[in-house]
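Subject: Structure for you to look at

Hi,

Here is the structure I promised to pass on. Have a look at it first, and then read my notes underneath.

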Amino acid sequence: MSTVKQAMADIIAQQPEDSSYDEILRELAYARLVGRGLADSDAGNVISDDEVKQRIESWQK
């Protein structure tokens, strides 16, 4: 498994040469959010589609 520093360096290296600072930060944040989501899923921290639907419907009342 790669270190955080190496994972960030890999993401940065994959960006086009003319990427802006904001675009690179956006890609790093996106990768972090995806990683956190996958970790939550692996840990069983998920809710069903029906639960999501019920929560959204409760906001609309």
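How far apart should the end C-alpha atoms of helix α2 be, and what does the structure show? Helix α2 covers residues 21-42, which makes 22 residues. At 1.5 Å a residue the helix should span 32 Å, and its end C-alpha atoms are indeed 32 Å apart, so the two values agree. Keep in mind that this is a predicted model.

Now the overall picture. The protein has 3 helices and 0 strands, and read from the N terminus the order is α-α-α. The radius of gyration comes out at 17 Å, whereas the globule rule gives 10 Å for 61 residues, so the protein is more spread out than a compact globule. Along the principal axes, the C-alpha trace spans about 45 × 30 × 10 Å. Buried residues account for 5% of the 61 residues. The exposed area is about 5,700 Å² for the protein, with 53% of that coming from carbon and sulfur atoms.

Going along the chain, helix α1 takes in residues 4-13. Ala7 sits in this helix and is partly exposed, because its relative accessibility is 32% and the partly exposed class runs between 20% and 50%. If you want a feel for distances here, take Ala7 and Glu17: they are 10 residues apart in sequence, and their C-alpha atoms are 18 Å apart in space.

The loop between α1 and α2 has a couple of residues to click on. Gln15 is in that loop, and its side chain reaches back to the backbone oxygen of Ile11 at 3.0 Å. With a relative accessible area of 15%, Gln15 counts as buried, since the cut-off is under 20%. Ser19 belongs to the loop as well. The Ser19 side chain reaches the backbone oxygen of Pro16 at 2.9 Å. Ser19 is buried too, at a relative accessible area of 18%.

At the other end of α2, look at Gly44. This glycine comes just after the helix and takes a positive phi of about 85 degrees.

That brings us to helix α3, residues 49-59. Which residue does Arg55 form a salt bridge with? The partner is Glu51, and the closest N and O atoms of the pair are 2.9 Å apart. Side chains of opposite charge can pair when their charged atoms come close. Both residues lie in helix α3, 4 residues apart, which is about one turn of the helix. The salt bridge count for the model is 1. As for accessibility, Arg55 is partly exposed at 42%, and Glu51 is partly exposed at 27%.

Helix α3 also holds Val52, which is part of a nonpolar patch on the surface. The patch is formed by Ile47, Val52, Ile56 and Trp59, and together they have about 400 Å² of accessible area. Is Val52 buried, partly exposed or exposed? Its relative accessibility is 34%, so Val52 counts as partly exposed. That value also clears the cut-off of over 30% that patch residues have to meet.

If you only have a minute, I'd start with the pair Arg55 and Glu51, then turn to the patch with Trp59 in it, and finish in the loop with Gln15.

Cheers

Notes. Residues numbered from 1 in each chain as written. Predicted model: local features only at pLDDT ≥ 70, side-chain atom pairs only at ≥ 80, totals over all residues. Heavy atoms only, no water. Patch = residues over 30% accessible without salt bridge, like charges linked within 9 Å, V, L, I, M, F, W, Y side chains within 5 Å. Areas by Shrake-Rupley, 256 points an atom, 1.4 Å probe, with all protein chains shown as cover. Salt bridge = Lys/Arg side-chain N within 4 Å of Asp/Glu carboxyl O. Helix = DSSP H or I, 4+ residues; strand = E, 2+ residues; numbered from the N terminus. Buried < 20%, exposed > 50% of the residue type's maximum accessible area, 1.4 Å probe, protein only. Expected span 1.5 Å × (residues − 1). Rg over C-alpha atoms; globule rule 2.2 N^0.38 Å. Polar contact = N/O pair within 3.5 Å; in protein donor to acceptor, adjacent residues only side chain to side chain.
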